[in-house]
Structure formats: C-alpha cells, structure tokens
Amino acid sequence: MTLILLGLFSGIAFGFVIQRVGATNANKMALAHLMREAQIPQFMLLAVAFSAIGLFGLQAVGVGRTMVLPTSLVATGLAAVIFGVGWGISGYCPGTCWAAAGEGRMDAVFALLGGLAGAATFAQFHETLIPALYLPTSQGPITLSDWLGSSWLAVVVLVAAMSGAAWLVGKLWGRDSA
Amino acid sequence: MKQNNNSPYWSVMPAAVALAGIIVFIFATFGPPASSSGFITLLKGVLAHLAPGYIATKQHYLMMPGPGSWLMAFVLGMAIGGFIAGRTFSVPVRDVPELWEKRFGKSRVKRFLAAFIGGFLILFGARLAGGCTLGLFISGSTQLAISGLYFGVVIFAVAMLTARLVYGRTGKEKS
C-alpha cells in the first residue's frame, strides 16, 4: 500500500512538472524536434544531469535501488528508430501521453490507445523478437563507470556531456525561427 | 534558455531541478522510474479478466507486475498530475496541435489516427528496448547506463528527422 501511495504521489508530481514545462503539449514537442524551441530538450538533458548528481549522493549514503538495462546494439538501436518515428509523428512519449490525456488532450488519448495496442503487439511477439534481436548483440548492463573505471569520474563526464548538450541546443535551436 | 517573461510555462532551470528532485525521490523510495512498463501493467490487469490463460504463458506479462503496483499508480498519478496542472493553467488545450492543423488541416480524425499510429510505434519500440524516454533515456542515463545514452541519442535524431518529413517548413513560410 505504501508503494502504491508513493507511486501515486510521484506520478502526480511528475505529471504536473512535465505539463508546466510544456512537454505534454504536442505542438511544443514538434517545435522542439524541428529545432525551433530549445526548452524541452534542455529540460530533459539538465534533468538527467541533476538526477545523476542526486543519485550519486543517494548511493554514497547507501539509499535507493538501481537497475541498469542491458545495451543491445541491434535491439536498442532498432527500438530507438521505431520509437523516434512514433515520437516525431505524434509528439508524445509513453509518459507524456498519460499526463496529456489527463490534461484533456483528445489526441493524447488516441496516442495512449495506440500505445496499448503497440505494447500488446510486442508482448505477443516477445518470445520471437527478444532472442532474435535483443540477446545476440546484448553487451550486458554496461555503464559509463565500467568504461571509465570510476563512478565519480563517470558522473562528472555525464554531467559535463548533458550540460554541454543543453548549451549546444541553446545555440543551435531557434536560430532561424520567427 | 531565454524565455518570454509573460510565458505561462516554467523556464528550463527550475523545471529541470524540480523534475530531478522527483526522480531522485523515486530512486530513493522505489527504484528507477518508468512509464512504458505501466502500459504492460494495465494490459495485464485487463487481460487477467479476459484471457487469464494467455497472460500466464507470455513472458512479457510474466515479467511485469500487475495493476496493484507502484508502476500502475505512477502512470495514473501522471494523468492526475496532468489534469491538475491543466486545470490551473492559462493556455487552453487543443485536440489538434496548431502546427499539425497548419500542415494537415482541422480534421480530428486525421490527427487522432496519426496519434494512434505514433503511440503504437513508441510503445512497440519502448517494449523492445526495455524502456522509454523516462524508463530508458532518463532513468538509464541517470544511472550512467550506456543503453540509456545510446537510446537517447537515436530517439532524438530520428524524431528530429521524422518531424522534418512530417512538417517540412510548416509555420515558417511567412517568416
């Protein structure tokens, strides 16, 4: 029961914040993808940077639970291509469509229904697709820490990369818009 | 990061700090946040009534918790959070986004169909990768996972390309 209340509270806070920054607005998402508005990509990149610092702090005091997903060269890459096409068409991702549907956007309700259909379709073919696409090129749950040999160095590199990307988005996005 | 002072939307820095605070809270009290898994959790709850024999044999449902879980509460919470935020916001919502309307007209059927297809693709992709923008890119990268960074770079690049193909120069003709 505690977990359900925690999930509910976390979800409400999350949904509220992503609405306030405009991430549930498919029009703003399209403008972000078209490099005309920088806010949403910058928001996502900086949220990752701050979260990584926070999680590093949690781990230093031994709090929290982590679970790193494996990297499959083929499946993760192909999945990202399919996902990117859907994101570009609809302007919604699996999280934002819940909040946008709650906000009262009817197109988000249809994105949610399409999502249920897509999830059910994948679940039907899981037994075929995971061994065919995911497992052969899976590198295991590798992290930046494995590559750099130190977790604090990895956090520094990640934060620098995310902040640098957010800065670059600020430079490149919105240059030629009205 | 410049924004009009009269914009009702939060600016980037406070919003990113707020979201990071929530994400760190979730890591502390639950574990990596995810939303695409919530779709499987919801389907599992529905199918448990309609086709209990089917989900008992399918790996993808077996590996996910059912509806009485943090995941289900989280995605429902997101809808509630979106509802509260929308009710207390000055910009009215639209069923057909402005840019979409300029490109494809006012047809709601066309927009809803495209949203359905887009929704199908994002969930199919997310379930293949094991996570979505939140569950894989944000949660994963926060944990320094290569999978999250890899997924994040590719989804942004492909979505940007797709948006160019979908919208072209819509909305910029007169500028």
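Colleague: Happy to look at this predicted model with you. Among contacts in chain B between residues at least 6 apart in sequence, what percentage join residues at least 24 apart?
Modeller: Glad to help, and do keep in mind that the model is predicted. The count for chain B takes in contacts between residues at least 6 apart in sequence. Those that join residues at least 24 apart make up 50%.

Colleague: Thanks! How many helices does chain B have?
Modeller: From the N terminus on, the elements run α-α-α-α-α-α-α-α-α. Chain B has 0 strands, and its helices number 9.

Colleague: What share of chain B counts as buried?
Modeller: For scale, the C-alpha atoms of chain B fill a box of roughly 60 × 35 × 35 Å along the principal axes. Chain B has 175 residues. The share of them that counts as buried is 57%.

Colleague: Let's turn to the core. Which helix gives the most to the largest nonpolar core?
Modeller: That core holds 102 residues, and A:Phe14, A:Phe43, A:Phe83, A:Trp87 and A:Trp98 touch the most other members. With 11 residues, the element that gives the most to this core is helix 3 (residues 39–60) of chain A.

Colleague: Which residues of chain B is A:Phe83 in contact with, leaving aside neighbours within four places in sequence?
Modeller: In chain A, A:Phe83 is in contact with A:Cys93 and A:Pro94. Across in chain B, the residues in contact with A:Phe83 are B:Leu121, B:Ile122, B:Ala126, B:Cys132, B:Thr133, B:Phe151 and B:Ile155.

Colleague: Why is the sulfur of B:Cys132 not in a bond with the closest cysteine sulfur?
Modeller: B:Cys132 is buried, with a relative accessible area of 0%. The closest cysteine sulfur is in A:Cys93, and a disulfide needs the two sulfur atoms within 2.5 Å. The bond is ruled out because the sulfurs are too far apart, at 7.1 Å.

Colleague: And how many disulfides are there over all chains?
Modeller: A:Cys97 is another case to check: this residue is buried, with a relative accessible area of 0%. Its sulfur is 8.0 Å from the closest cysteine sulfur, in A:Cys93, so that pair is too far apart for a bond. Over all chains, the count of disulfides comes to 0.

Colleague: One last thing: what is the handedness of the crossing of helix 1 of chain A and helix 5 of chain B?
Modeller: The axes of helix 1 (residues 2–20) of chain A and helix 5 (residues 70–87) of chain B come within 6 Å and cross at roughly 40°. The residues of this contact divide into 15 nonpolar, 9 polar and 1 charged. As for the handedness, the crossing of helix 1 of chain A and helix 5 of chain B is right-handed.

Technical notes
Residues numbered from 1 in each chain as written. Chains lettered and ligands numbered in written order. Predicted model: local features only at pLDDT ≥ 70, side-chain atom pairs only at ≥ 80, totals over all residues. Heavy atoms only, no water. Core = buried A, V, L, I, M, F, W, Y, C linked by side-chain atoms within 4.5 Å. Buried < 20%, exposed > 50% of the residue type's maximum accessible area, 1.4 Å probe, protein only. Helix = DSSP H or I, 4+ residues; strand = E, 2+ residues; numbered from the N terminus. Contact = heavy atoms within 4.5 Å. Axes fitted to C-alpha atoms, helices over the stretch in contact; angles between N-to-C directions. Left-handed = near helix turned anticlockwise from the far one by under 90°. Nonpolar A, V, L, I, M, F, W, Y, C, P; charged D, E, K, R; others polar.
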